[in-house]
Amino acid sequence: MDKMSECTHDCGSCSQKCGEAHSHGPEIARPHELSHIKKVIAVVSGKGGVGKSLVTSLMAVNAQRRGFKAAILDADITGPSIPKVFGIDEKAGATEDALFPCKSKNGISVMSLNLLVDNETDPVIWRGPVIAGAVTQFWTDVIWGDVDYM
């Protein structure tokens, strides 16, 4: 057998020493070239109303109070509440090439669907691929700047 047929893709414990890293799944989208994000923390649940937005907001405020630069990418397309939590009323800025997050009063960068739509209370009826595309664009097209914790 050749090396590749024996490969488990666990390069950390591989005895083959093939000298090359392997792709371990789908290609991961890179953030905008002007974004420098150190750590990403995902707060997820398949159930609604369990406190994802509350936990996310509290973690961002705590990080900001400790002197870190915090940002929130609100991936809740059907019920985005993060801007409301922070009292953000303005719309996100945009150019042909990029989006710009809004800033909370305490300096937390926020991007959410309702910062882009005309009427934030209108329902958005999207399906999986469109939702995934919007969330990916929040990652790839937003200029987040320097972020310690997102």
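This is a short tour of a predicted model, from a sheet to a surface patch to a pocket.

**The sheet**

Start with the open sheet. Three strands make it up, in the order E2-E6-E5, and their pairing is mixed. Select strand E2 (71–73) and strand E5 (102–103) next. These two stand at the edges; each has a single partner strand, so one side of each lacks a neighbour in the sheet.

Now add strand E6, residues 109–111. E2 and E6 run parallel, joined by three bridges. To see the register, show Ala-71 and Ser-109: Ala-71 stands opposite Ser-109 in E6. Strands of a sheet pair through backbone hydrogen bonds, parallel or antiparallel.

**The surface patch**

Move to helix H2, residues 52–65, and pick out Met-59. Is Met-59 buried or exposed? Met-59 is partly exposed, because its relative accessible area is 35%, between the 20% limit for buried and the 50% limit for exposed. Add Ile-41 and Val-55 to the selection. With Met-59, they make a nonpolar surface patch of about 230 Å².

**The largest pocket**

Keep Ile-41 selected and turn to the largest pocket, with a volume of about 650 Å³. The pocket is lined by 24 residues, and those closest to its centre are Ile-41, Ala-42, Val-43, Thr-56 and Leu-73. Ile-41 thus belongs to the patch and to this lining.

Which elements supply at least two residues each of the lining? Select H2, E2 and helix H4 (128–140). H2 gives the most, with six residues.

Technical notes: Residues are numbered from 1 along each chain as its sequence is written. This is a predicted model: local features need pLDDT of at least 70, side-chain atom pairs count only at pLDDT 80 or more; totals for chains, interfaces and linings use all residues. Side-chain values use heavy atoms; hydrogens and water are left out. Two strands pair if DSSP finds at least two bridges between them. Helices (H or I, at least four residues) and strands (E, at least two) are DSSP runs, numbered from the N terminus. Patches are made of residues with over 30% relative accessible area and no salt bridge: like charges are joined within 9 Å, nonpolar side chains (Val, Leu, Ile, Met, Phe, Trp, Tyr) within 5 Å. Accessible areas come from the Shrake-Rupley method with a 1.4 Å probe; for residues, only the protein chains shown count as cover. A salt bridge is a side-chain nitrogen of Lys or Arg within 4 Å of a carboxyl oxygen of Asp or Glu. Buried means under 20% relative accessible area, exposed over 50%, partly exposed in between (1.4 Å probe, protein chains only). On a 1 Å grid over the protein atoms alone, a cavity is a set of points where a 1.4 Å probe fits but cannot get out, and a pocket is an open set with protein on both sides within 12 Å along at least five of seven lines; lining residues have an atom within 4 Å of a point. Grid points are joined across faces, edges and corners, and a volume is the space filled by probe spheres set on the points.
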